[in-house]
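Please open the model in your viewer and keep the side chains displayed, since this tour moves from one aromatic ring to the next.

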Amino acid sequence: MEQDVRYYKQQLDEYKKTLMPLLRYLPWLEKSAGTSVSQTYQGADETAQVMRFPVYDGTLMSFVKELAKTPFMDRNYRYIYTRNNIRTHDDERRVIERATIKEWNMLCGILSKYVLGGQTKALLWNEAVQERLFYLVILKMKDIVEYWDRPIGK
């Protein structure tokens, strides 16, 4: 038991170091929840019907780029979804709500689905913001770190 606590404390130090830069996005993620953070660029007159692509909010792009560089990204996130029978946004929210430090990899899997999946299916980034998933996962990670350590920023 004591070894488990020491192991979690060691992991927690790494998690905290990685999480700290992401916390500055929490107010923006909370404010942007439920809204669309992208617009469709249609191009000039001649290319209006041909060239359409999404243009994302700069803060979202910064968040996604910063998150993509972290060790929180798990390329095998699909296995986490399959193994834990996660299929809907409600399932994701339920997993996030119940997560403890032992389920940290599940939180990373949810982030990975939207960050890595969004690199090929760009609507996922917007979906994660609208459904509050980015916000809820980062907030839960912060709560877990604060539970095991001390309040962040104090």
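Is Phe134 buried or exposed? Select this residue in the predicted model, and you will find that Phe134 has a relative accessible area of 1% and is therefore buried, the cut-off for that class being under 20%.

Now widen the view to the aromatic side chains, which form six aromatic pairs in the structure. Start with Tyr25 and Phe63, whose ring centres lie 5.2 Å apart with their planes at 65 degrees, so that this pair is edge-to-face. Tyr25 sits in the loop between α1 (2-19) and α2 (26-32), whereas Phe63 belongs to helix α3 (residues 58-68), and the pair therefore ties together parts that are 38 residues apart in sequence. Colour by accessibility next: Tyr25 is buried at a relative accessible area of 7%, and Phe63, with 0% relative accessibility, counts as buried as well.

Keep Phe63 selected and add Phe134, because these two residues also form an edge-to-face aromatic pair, with 5.1 Å from centre to centre and 70 degrees between the planes. Here too distant parts of the chain are linked, as Phe63 is in helix α3 and Phe134 is in helix α8 (residues 133-148), 71 residues apart.

To finish, add Tyr114 to the selection and display the four rings of Tyr25, Phe63, Tyr114 and Phe134 together, which form one aromatic cluster.

Note on methods:
Residues numbered from 1 in each chain as written. Predicted model: local features only at pLDDT ≥ 70, side-chain atom pairs only at ≥ 80, totals over all residues. Heavy atoms only, no water. Phe/Tyr/Trp six-rings, centres within 6.5 Å; stacked < 30°, edge-to-face > 60°. Helix = DSSP H or I, 4+ residues; strand = E, 2+ residues; numbered from the N terminus. Buried < 20%, exposed > 50% of the residue type's maximum accessible area, 1.4 Å probe, protein only.
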